[in-house]
Amino acid sequence: MNNRTALAAALALAFPVAAPVRAQEAADPPVKTLGVVTVTGPRPTSLPTQIPTTMEGATREQIERSINATDSEDALKYFPSLLVRKRYIGDYNHAILSSRASGTGNSARSAVYADGILLSNYLGNGVGGLSFPPRWGLVTPEEIERVDVMYGPFSAAYPGNSVGAVVDYVTRMPTQFEAHAKVGYVVQPFDLHSTHDTYKAWQTSASLGGKAGGLAWWVNVNRTDSDGQPLTFATRLVSAGTPGSAGTPVTGAVLSANNANAPWYLLGTGTQYATRQDHLKIKLAYDLTPQVRASYVLGVWQNESDGNSRSYLRDAQGETVYSGPVNIDGRSYTLAGGDFALTREKLTHLMHGLSVKSHTQGTWDWEVAASLYDYDKDQKRQNAAANPQPGASIGGAGTLADGGGTGWKTLALKGTWRPDGMAGVHVVDFGFQQENYTLRYRTSSVPGNYLEDGADAIVSNVRGEARLQSLYAQDLWRFASGWNAVLGGRAERWQASDGLTAFSASNVQTWPDRHESFFSPKAALSWQWLPDAVLKASLGRAVRMPTVAELYGATSTTNSQFINDPNLRPERSWTGEFSAERELGGALARLTFFAERTHDALYSQTVFDNAANRNVSRVQNIGRIDTKGIEAAFSGNDVLLRGLDLSASVTYTRSFIEENDGFVATPGDTIGKWQPNIPRWRATMLASYRFDPGLSASLGLRYSGKQYRTLDNSDVNGFTYMGVSRYFTIDTRVRWQITKQWTAAFGIDNLNDYKYWNFHPYPQRSYNAELKWDL
């Protein structure tokens, strides 16, 4: 998604401007020199634009005009080869970003930042046991000035987690006083199995900002009150029942097929979240000198979430049945509290960011930046297996999981050296970075009232530390007319320590400390082979370290279990791509070939244990995964007719497990199988038409082909609970600028009401209305 400025930025990646930007030029439009568009204003993205590799971007204006954005991750909806597994408005624990060769179970294979502050949660990977998606809630759609994506691990300035993609949100910082307010409302009629309900969400947002002398400031507050559709189901395999007349005869069970096409009963729904989230962001920036700026960011995110469940089963008197022995079609089963679990969560997370940065554009520039993300409060209460509904709705025994004290800290010392001054033959970036991760997660029994009482005996207790220290350098070398090269490397030292896993006060396992060192080279080359065309090639190594949760985070609840492995090996990837880009008047066309080979890929696989009646997740190394593909993308303004903006992409991928000593059921059953959650085909299209300066309409299409969730590809049925299906959705949006201050918008997501799955059911047709006021 690129307007003319973003188009200019994309071409300028290969040929950045050497001369410093003059203040009076900041508002100038892009200019064309020797057939190459260059930018003479401020840097349009916070990503390293000197790396000649694939980048995509979207501006605030494009997002407001074309996307029904209720969460910050919605801004990525139509980017090539990207998918965020967002299941409902305000999804805080499963919205994981996937990219070309990384699926929706691998959150640690992408890097998400906001104004350079880390939002990705590298305490863990995926959603096995605990959940580790990026902290999307620390950025609201109203804050976004632009968002940019760099595909692949081709910059030495980022850790090995960048192997999939690097996403950076640039948020607003006013240059004069401004005020904004917005209210939004979403309605989703939902019809699946025996659930026929309507789920709604309210959002309100307000922001103020301004600049006086050298001080700029911004304050944003946001409230989200969202009811999502049910995400899980209580199930029983037909074959697991005991033939006979034992148990209470019940009706209402839905006969269906699981992801392996085995017949099973759906007994009711679970994990229907009612979430109330509050967001506060305060940003301050002060110009210490005309060339040095200090910035501070405070983010506060609070969430109170109720996870509810409902049984489909009815006895002969029509009463709802939640527990005990039941009889379905002549087979008996036993239900417990874990089948229809209730959860109550209260979370308060804090984010701090501080930086001092020079912007002389002379021989030297530097930056010092630090950030802190703190789980100030993180509590989850759940009823016990022996405390079923309906009694569990008012109290009884349960558990209290407390993640308070968890979080991460980052420090970055960066420098830029331009030894040739304005000639710009060489531009050298270098720096030191340190990231510290702390995991504290204790689950305790609550024998009295789990809704209110404090913790009692330990059920599980996990903790651990990880530290990554890195030195990097990379040199942009303009060695000939029309040629650029970037050579760099990243040296990393990783340490894991203080690992502990306990399942009672007497059953405690401590783990020995570990440390390893790695070096990851990077290289990129670009050539302007025609006045309006550029060829680019990039190659980079990435090492993704095991996370604290993967190493030590064994957890167990009423309906789930995660099995850790303290001996996991780091994941090592080589990634390459070759691209051809061509400017077509007001448009840009790109064709990219990409390939990745990953050794010791880190995977968390979730399977349903019928005997234990719960999901069991286990993390493991996969010997080797090879991925190859081709991606075609197009973006342009005033395409075919004035006012029509169009972006589109198509990606074809082949991703297979080539080596693996482990297995699912029998040795060798994963060899030659598709990498989970990577479809062969995916495509996006977003068209926006401006009828006049105040009225626009957009149409968006998204497609993803068949894929698998399991390592052995045994989940042949994607259109079911725990399956991963293909999908094709149509989204629309109309935006009307009523007056200078007032704007209204109406949109429909999933207009064609496609029912699709990624373990959980995605939202069905949703109606979105919003009203906005700007001073």
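W477 in strand β26 stands opposite A485 in β27, and that pair is a handy place to start looking around this predicted model. The two strands, β26 and β27 (residues 483-502), run antiparallel and are held in register by 17 bridges. Together they make a hairpin with two residues between the strands. In that turn, G482 has a positive phi of about 85°.

**Following the strands back**

Now step from β26 to its other partner. β26 (residues 458-480) is joined to β25 by 19 bridges, again antiparallel. If you want a landmark along this pairing, find Q433, whose bridge partner in β26 is S470.

β25 (residues 426-446) in turn pairs with β24, in the antiparallel sense and over eleven bridges. Here L413 has F432 of β25 as its bridge partner. One more step takes you to β22 (residues 364-383), which is linked to β24 (residues 407-417) by eleven antiparallel bridges. An alanine pair marks this spot: A369 has A412 in β24 as its bridge partner.

Here are these antiparallel pairings side by side, each with a residue pair to look for.

| Strands | Bridges | Residue pair |
|---|---|---|
| β22 and β24 | eleven bridges | A369 and A412 |
| β24 and β25 | eleven bridges | L413 and F432 |
| β25 and β26 | 19 bridges | Q433 and S470 |
| β26 and β27 | 17 bridges | W477 and A485 |

**A five-stranded sheet and the core**

Earlier in the chain numbering there's another sheet to visit. Five strands form an open sheet with mixed pairing, in the order β3-β8-β9-β6-β7. Its edges are β3 (55-59) and β7 (117-118), each of which pairs on one side only. Within the sheet, β8 (residues 144-151) and β9 (residues 165-171) run antiparallel and share seven bridges.

Across that pairing, V147 stands opposite Y169 in β9. Both residues turn up again in the largest nonpolar core, which has 73 residues: along with L76, V147 and Y169 have the most contacts inside it. Strand β8 gives the most to this core, with five residues. As general background, nonpolar side chains in soluble globular proteins tend to be buried together.

What is V147 in contact with, leaving aside its neighbours within four places in sequence? The list takes in E56, G57, A58 and I63, then A75, L76 and F79, and finally V167, D168 and Y169. So L76 and Y169, which share top billing with V147 in the core, are also among its contacts.

**A smaller stop: four strands**

There's also an open sheet of four strands, ordered β14-β20-β19-β15, and its pairing is mixed too. The edge strands are β14 (242-243) and β15 (248-249), each pairing on one side only. In between, β19 (residues 324-328) and β20 (residues 331-335) pair in the antiparallel sense over five bridges. I328 stands opposite R331 in β20.

**Holes inside**

How many cavities of 30 Å³ or more does a search of the whole structure find? There are 15. The second largest has a volume of about 680 Å³. It is lined by 47 residues, and D74, K77, K86, R702 and Y756 are the closest to its centre. What's the lining made of? It divides into 17 nonpolar, 20 polar and ten charged residues.

Terms used. Residues are numbered from 1 along each chain as its sequence is written. This is a predicted model: local features need pLDDT of at least 70, side-chain atom pairs count only at pLDDT 80 or more; totals for chains, interfaces and linings use all residues. Side-chain values use heavy atoms; hydrogens and water are left out. On a 1 Å grid over the protein atoms alone, a cavity is a set of points where a 1.4 Å probe fits but cannot get out, and a pocket is an open set with protein on both sides within 12 Å along at least five of seven lines; lining residues have an atom within 4 Å of a point. Grid points are joined across faces, edges and corners, and a volume is the space filled by probe spheres set on the points. Ala, Val, Leu, Ile, Met, Phe, Trp, Tyr, Cys and Pro count as nonpolar, Asp, Glu, Lys and Arg as charged, and the others, Gly among them, as polar. Two strands pair if DSSP finds at least two bridges between them. A nonpolar core is a set of buried Ala, Val, Leu, Ile, Met, Phe, Trp, Tyr and Cys residues joined through side-chain atoms within 4.5 Å. Buried means under 20% relative accessible area, exposed over 50%, partly exposed in between (1.4 Å probe, protein chains only). Contact means heavy atoms within 4.5 Å.
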